[in-house]
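Q: I would like a close look at one part of this model, the place where its chains meet. Please take the contact first and then the parts of each chain around it.

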2 protein chains.
Amino acid sequence: MPLERKIRRIHISGSSPEIRVPFDELTLSNGEQLLLYVVGGEGGPSLPRRREGWVRRRRGKTLLECALAGEITEEMEFAAIRESHAVGEGMAFTPDLVLEEMRAGRAVIPANNCHPESEPMVIGKRFSVKVNANFGASAVVPDPQRELRKLELSLRHGADTVMDLSTGLADPAALRGAVLRASPVPVGTVPAYEALDRAGGDPSKLDWPAFRDTVLSQARQGVDYFTIHAGLTQALLPAAARRTLGIVSRGGSIMAARMMAADEENLAFAHFDELLEICHEYDVALSLGDGLRPGALCDACDEAQYGELREIGALSLRCREAGVQCFIEGPGHVPLDRVEENQRLEEELCHGAPFYTLGPLVTDIAPGQDHITSAIGGTLIAREGTAMLCYVTPAEHLALPGDQDVVDGLIAFRLAAHAADVARGHPFARERDDAMARARRDFRWHDQFALALDPEHAYEVWSRALPEGCAHEPAFCSMCGPRFCPIRLNRQLVKKYS
Amino acid sequence: MPLERKIRRIHISGSSPEIRVPFDELTLSNGEQLLLYVVGGEGGPSLPRRREGWVRRRRGKTLLECALAGEITEEMEFAAIRESHAVGEGMAFTPDLVLEEMRAGRAVIPANNCHPESEPMVIGKRFSVKVNANFGASAVVPDPQRELRKLELSLRHGADTVMDLSTGLADPAALRGAVLRASPVPVGTVPAYEALDRAGGDPSKLDWPAFRDTVLSQARQGVDYFTIHAGLTQALLPAAARRTLGIVSRGGSIMAARMMAADEENLAFAHFDELLEICHEYDVALSLGDGLRPGALCDACDEAQYGELREIGALSLRCREAGVQCFIEGPGHVPLDRVEENQRLEEELCHGAPFYTLGPLVTDIAPGQDHITSAIGGTLIAREGTAMLCYVTPAEHLALPGDQDVVDGLIAFRLAAHAADVARGHPFARERDDAMARARRDFRWHDQFALALDPEHAYEVWSRALPEGCAHEPAFCSMCGPRFCPIRLNRQLVKKYS
């Protein structure tokens, strides 16, 4: 018997017919219905350019400037409906709330004017926890098709944003363009990678014009957010040198190598205002990168990491003054007992800007399982308020992730984000858990698979272990066998005591 | 090139030549050495019966009675050396500390007099976090050989204790005997399973004599700890009936079914003193089972769960008075924001007895990935003081675990226990992380694999992605490629700034 899952794509429309927010409506076998958060345009291969008119009507104002002026944009309304699973009276997250959080610098909608295909979503502490998936070719595995397949897998498994981290490609713009045109979620990049490739891989040849041109060309293509390691200033390099693992951020190490080669201040720091001008023109959000994120427990929470965070906090105010949205990247490898302090300090030093962390990974000794070490730290920091988690795949520290790594990483992080949403009291998060509990109670196996984060996988594990010739939905599983099932006993219990 | 890992089995001897504690001495390529906690007797297939003389010389006194009398036994010294990786002056955990913690009821060494092959280990908040692995046949998969293979896998991947949870076997004693004779780690069971099988699967025919005979025969075989669901009293059944998922513990539901069928109090509760007599005679520890552990987030922390915990707390005092060691089983499905309260309440209501939890699982919606949902909750509760984590495999909620599930479950939980040890400031936990950080810094790839929780797996992920004809230990990996590796840059950084 095949996996049965009754899903219908529906749309909830906002105040104008252009605002049509997609959802998957899941119908369980007992008639219960749930709306699931999805992306995917209207379902076709060439995405509708829904935001073209919205951007045009704003006449050069950025989303942050609209928020500061108290103007609710289509993006804000779209994101509010998406968070609320509803429109009108029943909205738990109103467009006003989205606007207020953006105005306060506590929420971001990454949406480049030149990426009209993107479906707006909001990143912030007050909203559901988001998950980013990284992919990108490297010189060892320079295959653009392989990376486009990872985009598809990322979207199918619930990535809220993606980052194309390609390096060493002959034509990185071609892949990035293909990603942007196929992506209904915001796309981020680290421009330093391409800038270094343009400089022939030699950091000493990486100058400001090359860096600026890279940023500009990527902004024109439609990249929604840039990771810029501008907080890693020269003054912090001695602290980095004292570490066991020094700098493990690729972008950070490019900036550092250039600083050392030229004996000059960090390019992105020195030219930050010019970067802000480009970001303002295209409405690109800045993801202020932590070039000094700790790469090992022994380097966590040190002078280098927190010194950079202080610099980043100052930069976040300059973003705001320039009308450019920003969020803050965070660690990295952090022992469990210091995870919470990272969130607290980030909020304090960065004036409440959304935190976007890589894990944290709570031990160094599990290469091959770092989707788990990082999901542990990620769940905990998201409970404290982190707005978006960057997934880590099982290949981390070992290899470029393959297809299955992308899927495993995303499932682990969707799970982490959901567990944090539940703990944060997100109004819809528990609906799905509670529907699962009822499906378990009633032996509605196919409803359990339908409600699972990875239905195909759950179904496969279950069905391969069942005896042949079994009923469609047997009132037992291979764990306890048919003779004694505690869940079946509960029917008697309820009959007797209620 | 094959995986290289230089490991030598060594022993540290205590105050008598009979106390020989095994360790694996790992030598890295730069000469650094680490002792790794292992079990495995002296390495042969038939385990030495090391504890025979120790038990004989105690003349019927239990370990708890020795502790209460201030007498340090060989088991306490063995466990202290094992925790300390050392003997004499350098011990971070002295035999006195083990004795004091046992005397206070905060630590347990499960060690049946009839399981002389077991290597003593201590379970308690002050010591390293332990991991239990469950296996056991079911009527759907009634293959004892398969379960013995799982024992072997469990031992190889670091289980500190194992539980044989077989049901529906024609000859459960044969498998259990084989497990006991092959297991250097403590073996636990849930006697209610076999008792129900003896009653032909009909709870109404399960009477006290049948239950007692089962417990007695298992004690004689050498089972080190019994999960007994004595705290699930009749008075709690109405609260259980009000739940969505009622009772999900198999043992708990057996006791409940019998209570309902006979309209009598829980057998194990009613005859608790007689159970204690048997446990005293063989020195079996009691794992006071949570028959009302929540099976879904919506049933967590309710009247049923905490009401039972209160009963269990009272039973724990009776264990103590009878000279029988005990620890306390805990949840189950618990939302992340209520994990800590479970540890706090357990310590309060159960007078500091060690807590032994199943996860907790922090969401219900990830069947197929529940080793991750439970490792998240498990790490967090272990940070708060839980002494032992029961692993959960990816097959949980779906099927009887297979070999790979056992391995995946154990690795996830060794990782969780280690992350908690680090957070709890265990004196040796960080050594391994820090050695890994140095191996990463130096591109000592084979040292990284040697230090990993799952060396073979890490090596396989790494090596399959490397280009052919690569150097033995290339100074890059397939993630960033050879051109720009941040870790390589750090050598320049150190040269310049130090």
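How many residue pairs are in polar contact between chain B and chain A, taking pairs with both at pLDDT 80 or more?

A: The model is a predicted one, and between chain B and chain A it has 18 residue pairs in polar contact, both residues being at pLDDT 80 or more. The salt bridges between chain B and chain A number 2. One pair that forms a salt bridge across the two chains is A:Glu340 with B:Arg383, where the closest N and O atoms are 2.8 Å apart.

These polar pairs belong to an interface in which 104 residues of chain B are in contact with 104 residues of chain A. About 8800 Å² is buried between the two chains, and carbon and sulfur atoms give 69% of that area. Of the interface residues of chain B, 100% are also interface residues in chain A, so the copies meet through the same surface.

The relation between the copies can be stated as an operation. Chain B is superposed on chain A by a rotation of 180° with 0.0 Å of shift along the axis, at an RMSD of 0.0 Å. This is the relation of a two-fold axis. Within chain B, the C-alpha nearest that axis belongs to B:Ile376, at 2.4 Å from it.

Next, the sheets within each chain. Chain A has an open sheet of 3 strands in the order β1-β2-β3, paired antiparallel. Its edges are formed by β1 (6–13) and β3 (33–37) of chain A, each of which has a single partner strand, so one side of each is left without a neighbour in the sheet. On average, neighbouring strands in this sheet of chain A are turned by 35° against each other, with direction ignored. The pairing of β1(A) with β2 (residues 20–27) of chain A is antiparallel and runs over 8 bridges. Within this pairing, A:Ile12 has A:Val21 in β2(A) as its bridge partner. Helix α3 (residues 74–84) of chain A packs on the sheet and touches β1, β2 and β3 of chain A. The direction of α3 in chain A makes about 10° with that of β2(A).

Chain B can be described in turn. It has an open sheet of 3 strands with antiparallel pairing and the order β1-β2-β3. In chain B, β1 (6–13) and β3 (33–37) are the edge strands, each pairing on one side only. The average turn between neighbouring strands of this sheet is 35°, direction ignored. Strand β2 (residues 20–27) of chain B pairs with β3(B) in the antiparallel sense over 5 bridges, and the bridge partner of B:Phe23 in β3(B) is B:Tyr37. Helix α3 (residues 74–84) of chain B lies across β1, β2 and β3 of chain B and runs at about 10° to β2(B).

Finally, the salt bridges of the whole model. Over all chains the count comes to 80, while 2 salt bridges are counted between chain B and chain A. A pair within chain A is A:Arg50 with A:Glu119, whose closest N and O atoms are 3.5 Å apart. This pair links distant parts of the chain, 69 residues apart. A:Arg50 is in the loop between β3 and α1 (52–58) of chain A, and A:Glu119 is in the loop between β4 (107–108) and β5 (123–124) of chain A.

Note on methods: Residues numbered from 1 in each chain as written. Chains lettered and ligands numbered in written order. Predicted model: local features only at pLDDT ≥ 70, side-chain atom pairs only at ≥ 80, totals over all residues. Heavy atoms only, no water. Pairing = 2+ DSSP bridges. Helix = DSSP H or I, 4+ residues; strand = E, 2+ residues; numbered from the N terminus. Axes fitted to C-alpha atoms, helices over the stretch in contact; angles between N-to-C directions. Contact = heavy atoms within 4.5 Å. Least-squares fit on C-alpha atoms with pLDDT ≥ 70 in both. Buried area = accessible area lost by both parts, 1.4 Å probe. Salt bridge = Lys/Arg side-chain N within 4 Å of Asp/Glu carboxyl O. Polar contact = N/O pair within 3.5 Å; in protein donor to acceptor, adjacent residues only side chain to side chain.
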